[in-house]
Amino acid sequence: MNRRDFAKSLALTATVASLWPTKQAFAQAPKTAKGVVVDPARLRDLQQAFLDLRFGMFIHLNMATFEEREWGDPLLSPKLFNPKHLDTDQWARAAKSANMGYACLTTKHHDGFCLWPTKTGSANVMQSSYPHDVVRRYVDSFRAAGLKPCLYFSILDLRQDIRARIVTPEKIALIKAQITELLTNYGPITALILDGWNASWSRISYEQLPYREIYDLVKSLQPDCLLTDHNAGSYPGTALYYTDIKQYEQHAGQKIPPNSPVPSQSGTTLQRDWFWKKAYPTSELAAAKTIVDEWLVPFNANHCNLILNVAPNSDGRFDDNAVKRLADIGALWKNDGPVARIGRSVTITTPNLAAGKPAWASASDEAVGPDLAFDENFRSYWLADKGKTDAWIEVRFDAPVSFNTLSIVEPRGAEDYGADSRIASYRVEVERNGAWVAIASGGTPADAYQFHEIARTTAKRVRLVLKGKQPGITEFGLYDEPRA
């Protein structure tokens, strides 16, 4: 039986206590010609359930654990990996002592070493000095403790030379094969957290490796697995571009905006860095009171849960000081139940059809042309000419394009623009038979990000008409999202 037949033969099971199945049993997701269709109501329920977990543990264990560095050296032998006293039950007990609800293990970090016996030919645990399936031991221990397992997977892979500008179909096939192994061999996975993709430091773009290909794969294998990508550096603000859960790496200075409307996760470390160092058993750790009062509680109140990294040592165990600090956290905090209910968020998963296309405007401020509203750069923006209260920007295509989702992003908070909206009203129009026809409209936006899901529309010219006091637009996007 092949993977597709296997997936089709399994039925979705659920328990009253949780949205996620307790054993390997996955539903087949519906598809269209454009890709897997995700039910928005079901997605919101899964996002809410993830927020209700409130607090989780990141576990960075990999080659770097044995190298006193944060990225493993891809040229070193897998034999270096040897957590000879690996104790995943201890990890789970420590997580429970802090009243955590879930955890996430680094199955493959940026150097490309796999913590499971992959059949893809990549360096893995079976070639190491500890020839055991670490992923299996992790998921079994955490499930037995009543904790939800998530997995981390790096798209950047230095051992397989998967990096910027040299991503080939063969390398994409390898990535898909490894994700398939992780999502078929280890039971239901609450979330798959991706990294090293569409980030300024990795430079593997969604054009080189299309996001929708990975999204469709994950949702076809496990429809209830949340896919979340560390892309907040490329898509700042409060919208779900190419992720089911917005990721903020607190450790890297990424902060959750006040009153964030979207489901989020913020990650930081108990110790100084992500991977264990020899000095850690006697090093200062983040204070329990800081973790609870300054991170966990306010994050939970802002539609965000906290994932705290605890690095296992080279024996595969948590140091005594880390275990004690987790118990200290548990003495100060417990999960009191569901957090505030989130609204439905529009999730963008397909390419922006307007990106990089020829653009026009009624008039522009000095040195800011309309192309800046179609450049996929959320830090640049087009600005109407000084003194203008009526303005428009327009994108034109060589041939008609079809789309069903619009995004309108105003540069609030940008230097010289201000925190308040400058838009009094707006409408989106398409040209039909020489006339402009409105397909969406709105008043002063409540948020910098406005989305419209519309009936599928086909046009060669699309225009955004604005009224206001010298309004500006960061991005005007057109998307063709798969829908039922």
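Here are some worked exercises on the predicted model shown above.

**Exercise 1. Strand 11 and its neighbours**

Work out which strands pair with strand 11, and in which sense.

*Solution.*
- Step 1: start with strand 3 (residues 55-59), which pairs with strand 11 in the parallel sense over four bridges. To pin down the register, take Phe58, whose bridge partner in strand 11 is Asn309.
- Step 2: now go to strand 10 (residues 264-269), which runs parallel to strand 11 and is joined to it by six bridges. Here Thr268 stands opposite Leu308 of strand 11.
- Step 3: add the connection. Strand 10, helix 7 (residues 288-300) and strand 11 make a β-α-β unit, and its hand is right.

Next, sort the residues of strand 11 by the way they point, and say whether they are buried or exposed.

*Solution.*
- Step 1: one way go Cys304, Leu306 and Leu308.
- Step 2: the other way go Asn305, Ile307 and Asn309.
- Step 3: check the burial. Six of the six residues in strand 11 (residues 304-309) are buried, so both sets are covered, the two asparagines included.

**Exercise 2. A pair of cysteines**

Explain why Cys104 and Cys150 do not count as a disulfide.

*Solution.*
- Step 1: look at the whole structure first, where a search finds zero disulfides.
- Step 2: take Cys104, which is in no disulfide and has the sulfur of Cys150 as its nearest cysteine sulfur, 5.5 Å away.
- Step 3: apply the cut-off. A disulfide needs the two sulfur atoms within 2.5 Å, and at 5.5 Å the sulfur of Cys150 is too far from that of Cys104 for a bond.
- Step 4: add the surroundings. Cys104 is buried, with a relative accessible area of 0%, and Cys150 counts as buried at 0% too.

**Exercise 3. Two pockets**

Describe the largest pocket by its volume and its lining.

*Solution.*
- Step 1: the space in the largest pocket comes to about 440 Å³.
- Step 2: its lining has 20 residues, and those nearest the centre are Asn198, Ser205, Tyr206, Glu207 and Tyr235.
- Step 3: split that lining by character, and you get nine nonpolar, seven polar and four charged residues.

Do the exercise again for the second largest pocket.

*Solution.*
- Step 1: this one holds about 360 Å³ of space.
- Step 2: 18 residues line the second largest pocket, and Glu410, Pro411, Arg412, Gly413 and Ala414 are the closest to its centre.
- Step 3: the split for this lining is 10 nonpolar, four polar and four charged.

**Exercise 4. An enclosed helix**

Decide how far helix 6 (residues 211-221) is covered by the rest of the structure.

*Solution.*
- Step 1: count the buried residues, which are 10 of the 11, so helix 6 is largely enclosed by the rest of the structure.
- Step 2: look at who they are. Among them are Tyr211, Ile214, Leu217 and Val218, but also Arg212, Asp216 and Lys219.

**Exercise 5. A hairpin and some positive phi angles**

Describe how strand 16 and strand 17 are paired and joined.

*Solution.*
- Step 1: strand 16 (residues 423-432) and strand 17 (residues 435-442) pair in the antiparallel sense, over seven bridges.
- Step 2: for the register, Glu429 stands opposite Ala438 in strand 17.
- Step 3: the two strands form a hairpin with two residues between them, and Asn433 in the turn has a positive phi of about 55°.

Now find where Asp161 and Asp416 sit, and how exposed they are.

*Solution.*
- Step 1: recall the usual case, in which most residues other than glycine have a negative phi.
- Step 2: Asp161 has a positive phi of about 60° although it is not a glycine. Asp161 lies in the loop between strand 5 and helix 5, and is partly exposed at a relative accessible area of 31%.
- Step 3: Asp416 has a positive phi too, of about 75°. Asp416 belongs to the loop between strand 15 (390-409) and strand 16, and is exposed, with a relative accessible area of 68%.

**Exercise 6. Far in sequence**

Place Thr118 in the fold, and give its distance to Leu182.

*Solution.*
- Step 1: Thr118 lies in the loop between strand 4 (102-108) and helix 4 (134-144).
- Step 2: with a relative accessible area of 7%, Thr118 is buried.
- Step 3: Thr118 and Leu182 are 64 residues apart in sequence, while their C-alpha atoms are 9.0 Å apart in space.

How values were computed: Residues numbered from 1 in each chain as written. Predicted model: local features only at pLDDT ≥ 70, side-chain atom pairs only at ≥ 80, totals over all residues. Heavy atoms only, no water. 1 Å grid on protein atoms, 1.4 Å probe; cavity = no way out; pocket = protein on both sides within 12 Å on 5 of 7 lines; lining within 4 Å. Points joined across faces, edges and corners; volume = space filled by probe spheres on them. Nonpolar A, V, L, I, M, F, W, Y, C, P; charged D, E, K, R; others polar. Buried < 20%, exposed > 50% of the residue type's maximum accessible area, 1.4 Å probe, protein only. Pairing = 2+ DSSP bridges. Right-handed = clockwise from strand over helix to strand, strands pointing away.
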